[in-house]
Amino acid sequence: MKKVNQFIIFLLALGAFVTGTAEFVVSGILEIIANDLEVSVAAAGQLITIYSLSYAIGALVLVLLTAKYPRKTVLIIAIFLFIVGNCIAFLSSGYYLLMLSRVVMAMSGGLYIVIATNYAAQIAEPDKRGSAMAMVITGFTVSLVLGVPIGTFLSAHFNWRFVFLIVAIVTVILLGLLYKLLPAIEGNQPLPFRRQLAMIKDKRVASGLATTVCWILGYTMVFAYISPLLSNNTGFSTEQTSLALFVLGSFAFIGSRFGGYAVDKWGPYRTISISLVIHIVALVLLSFLQYSPIGVFIIFIIWGTATWTTTPAKQFYLISLKPDASETILSFNTALMNVGMMLGSALGGVIIEYSGVSHLSWIGSIFVLLALVFIHYSFYHGTNVGKSPL
């Protein structure tokens with residue numbers, strides 16, 4: 001891979017980082033936003049819900065609608081709109097204006113992440129395409145390591161709106177660099193809707209995508225409300241919550257890197273199955289250890305690693321099912337991942353409203369268990385009768 005292309009892929013990963021930070025940082029400052037805007041924590045949680053829904057639209061519908069246009073043009077417009085969304089968030093004086101900013105950020109971010117991931121694969125050398133895609137995905141997970149805890153820390157000492165201003169400034173610099181360095185790639189005719197539906201009718205693909213929804217739903221149900229859980233049940237201050245999120249994000253990064261290694265060494269079946277089992281166990285244990293600071297940190301190490309080990313392994317598996325339509329599969333997976341996030345944050349808000357934050361983790365584990373069932377179903381249909389997928 002040429003050095004200039006390596007730098008461009010790094011810039012694309014940086015774009016994934018800022019979009020991830022804008023998405024996830026709200027989880028760390030949920031109570032701060034709720035208090036400032038004078039709304040309930042459950043209502044503030046809907047900022048995550050609407051983001052996930054809008055992100056899904058961007059990742060699926062907008063990718064489809066813009067498929068025939070030059071990819072560089074679409075990518076630059078997506079980044080510009082993302083900057084606009086962050087500026088609206090910085091200037092927001094009320095709940096509904098902030099909600100509007102989340103819609104703009106999410107739709108442009110969803111469009112960006114799909115195009116950027118495929119862009120990285122296109123400009124990389126043939127034998128480096130997997131690692132190029134992984135680098136963009138890693139940029140997204142690094143937002144959990146750095147973006148969210150830093151944003152949470154800054155919000156504890158300054159106005160939370162400045163987080164979005166900083167994101168906007170970094171993205172403006174990124175926009176200038178990509179506009180100058182990004183090579184042009186022509187658009188393609190999108191797959192006809194019938195062919196897309198036929199792809200989903202494949203039992204392996206459908207159950208694989210259902211795995212995505214259930215896995216991220218169980219994770220988001222807890223992660224979206226991690227701030228009130230840690231403050232109310234563990235007794236953490238904002239600074240301690242920031243540290244806990246840093247630990248969770250650090251091991252999410254480790255998990256995402258390990259997942260790529262594991263799927264090469266042991267294959268997707270073992271990697272996905274084992275990581276989901278550990279994810280389930282971690283959430284069940286968290287329901288008992290959420291009152292212990294040491295217990296929380298230990299669980300966060302296990303939880304972060306297991307959850308994000310699943311991600312590259314699952315993407316590898318889904319793309320391997322339809323290698324000739326990888327962009328479409330990636331769009332569906334990204335869109336449904338955010339549908340799962342939307343459902344997780346919405347359902348988590350309902351649970352908090354009626355039974356309290358203490359029950360989130362064990363209920364979340366039930367959905368991850370469903371993900372395990374779906375992936376086993378998918379692998380079963382990918383093997384001959386009587387032949388083990390192991």
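## Salt bridges and a nonpolar patch

At 38% relative accessibility, Asp 36 counts as partly exposed. Keep in mind that this is a predicted model. Let's work through some exercises.

**Exercise 1.** Find which side chain meets Asp 36 in a salt bridge, and say which helices the pair ties together.

*Solution.* Start with the contact: the side chains of Asp 36 and Arg 161 meet with N and O 3.0 Å apart. That fits the salt-bridge cut-off of within 4 Å. Next, place the partners: Asp 36 sits in helix 2 (residues 30-37) and Arg 161 in helix 7, so the bridge links parts 125 residues apart in sequence.

**Exercise 2.** Decide whether Arg 161 is buried or exposed.

*Solution.* Buried means under 20% relative accessible area. Arg 161 has 12%, so Arg 161 counts as buried.

**Exercise 3.** The structure has 2 salt bridges. Look at the one between Arg 204 and Asp 202 and sort both partners by accessibility.

*Solution.* First, the closest N and O atoms of this pair are 3.0 Å apart. Then take Arg 204: with 22%, this residue is partly exposed. Asp 202, at 16%, is buried.

**Exercise 4.** Work out which helix gives the largest share of the nonpolar surface patch.

*Solution.* List the members: Phe 7, Phe 10, Met 135, Ile 169, Ile 173, Leu 177 and Leu 181 make a patch of about 590 Å². Now check the helices: helix 1 (3-28) and helix 7 (161-181) each supply at least two residues. Helix 7 wins, with 4 residues. As for Phe 10, you'll find this residue in helix 1, partly exposed at 43%.

Notes
Residues numbered from 1 in each chain as written. Predicted model: local features only at pLDDT ≥ 70, side-chain atom pairs only at ≥ 80, totals over all residues. Heavy atoms only, no water. Patch = residues over 30% accessible without salt bridge, like charges linked within 9 Å, V, L, I, M, F, W, Y side chains within 5 Å. Areas by Shrake-Rupley, 256 points an atom, 1.4 Å probe, with all protein chains shown as cover. Buried < 20%, exposed > 50% of the residue type's maximum accessible area, 1.4 Å probe, protein only.
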